[in-house]
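Reader: I'm new to this one and would like a close look at a single part, the nonpolar core. Could you walk me through it and show me how the rest fits around it?

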Amino acid sequence: MSHRSVVQLIKDSATSLGDNIQFGYGRRSDFNLIENPASPWIWLLPLTSNPGYTVNNVENYQKTWNCIVVFLERDRPDSNEKEYKPILDSMDELLDKFINRLNDWSFKSTDVVGAVTLRNFQQTPFFKNDSDIFTGWIVSFQMVVSDDFEYCTPDNIAIYAN
């Protein structure tokens, strides 16, 4: 259930969608520091979590990770609907592939120790015009993971060596 495991799972799901997908993790301002970022990008904002016990407040420790992922493609500062709508369309398709890939992964018992539940998806359009111009979508969701969840991190790489 570690932070590292959740980030790695999201990264692997994102980068498995294509060789041209750029992935990053950090604050929005960290993305602004990248010089000439290629696109498309999938950018994971810093995670927050709600830990707790699910049985009588004393057993079955789990965390609900609050995830915000931004799907971006380069745009122009003066783009109009005719120009940015195809970007929104293609980023929407990429976002759907990502969610389905993440969901497919959560059902594979060979890749997980513990259960993963995805819920509360919300998708909103995104227009970024800070240091570079990007258009896309922000998707937020919750990933509920149990105490025994570990995903392919250096701490447990031995279980994936087969």
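**A look at the core**

Author: Let's start from the outside. The protein chain has an accessible surface of about 9000 Å², and 48% of that belongs to carbon and sulfur atoms. Keep in mind that this is a predicted model. Of the chain's 162 residues, 40% count as buried. The fold has three helices and six strands, and reading along the sequence you meet them in the order α-β-α-β-β-β-α-β-β. If you take the contacts between residues at least 6 apart in sequence, 62% of them join residues at least 24 apart.

Now for the core itself. In soluble globular proteins, nonpolar side chains tend to be buried together. Here the largest nonpolar core has 31 residues, and the ones touching the most other members are Ile10, Ile42, Phe71, Phe98, Phe141 and Met143. Who supplies this core? At least two residues each come from helix 1 (3–15), strand 2 (41–44), strand 4 (59–74), helix 3, strand 5 and strand 6 (133–146). Helix 3 gives the most, with nine residues.

Pick out Met143 and follow its contacts, leaving aside residues up to four places away in sequence. Met143 touches Val6, Leu9 and Ile10, and its other contacts include Lys63, Thr64, Trp65 and Cys67. Also among the residues Met143 touches are Leu102, Val116, Thr117 and Leu118.

There is a second, separate core too: it has seven residues, including Trp43, Val70, Leu72 and Phe134. Two of those names come back when you look at the rings, since Trp43 and Phe134 belong to one aromatic cluster with Phe31 and Trp41.

While we're on rings, the structure holds eight aromatic pairs. One of them is Tyr84 with Phe127, an edge-to-face pair whose centres are 5.2 Å apart, with 80 degrees between the planes. This pair links distant parts of the chain: Tyr84 sits in helix 3 (residues 81–106) and Phe127 in strand 5 (residues 116–129), 43 residues apart. You may remember helix 3 and strand 5 as suppliers of the largest core. But are these two rings buried or exposed? Neither, as it turns out: Tyr84 counts as partly exposed because its relative accessibility is 25%, and Phe127 is also partly exposed, with a relative accessible area of 46%.

Last, have a look at the charged side chains. A search of the whole structure finds four salt bridges. In one of them, Asp30 partners Arg27, and the closest N and O atoms are 3.1 Å apart. Asp30 has 24% relative accessibility, so it counts as partly exposed.

Arg76 is worth a stop of its own. Its side chain meets that of Asp78 in a salt bridge of 2.9 Å, N to O, and it also meets the side chain of Glu83 in one of 2.6 Å. Because its relative accessible area is 40%, Arg76 is partly exposed. Through shared partners, the salt bridges join Arg76, Asp78 and Glu83 into one network. Within that network, Glu83 is partly exposed at 30%, while Asp78 counts as exposed at 53% relative accessibility.

Terms used: Residues numbered from 1 in each chain as written. Predicted model: local features only at pLDDT ≥ 70, side-chain atom pairs only at ≥ 80, totals over all residues. Heavy atoms only, no water. Buried < 20%, exposed > 50% of the residue type's maximum accessible area, 1.4 Å probe, protein only. Helix = DSSP H or I, 4+ residues; strand = E, 2+ residues; numbered from the N terminus. Contact = heavy atoms within 4.5 Å. Areas by Shrake-Rupley, 256 points an atom, 1.4 Å probe, with all protein chains shown as cover. Phe/Tyr/Trp six-rings, centres within 6.5 Å; stacked < 30°, edge-to-face > 60°. Core = buried A, V, L, I, M, F, W, Y, C linked by side-chain atoms within 4.5 Å.
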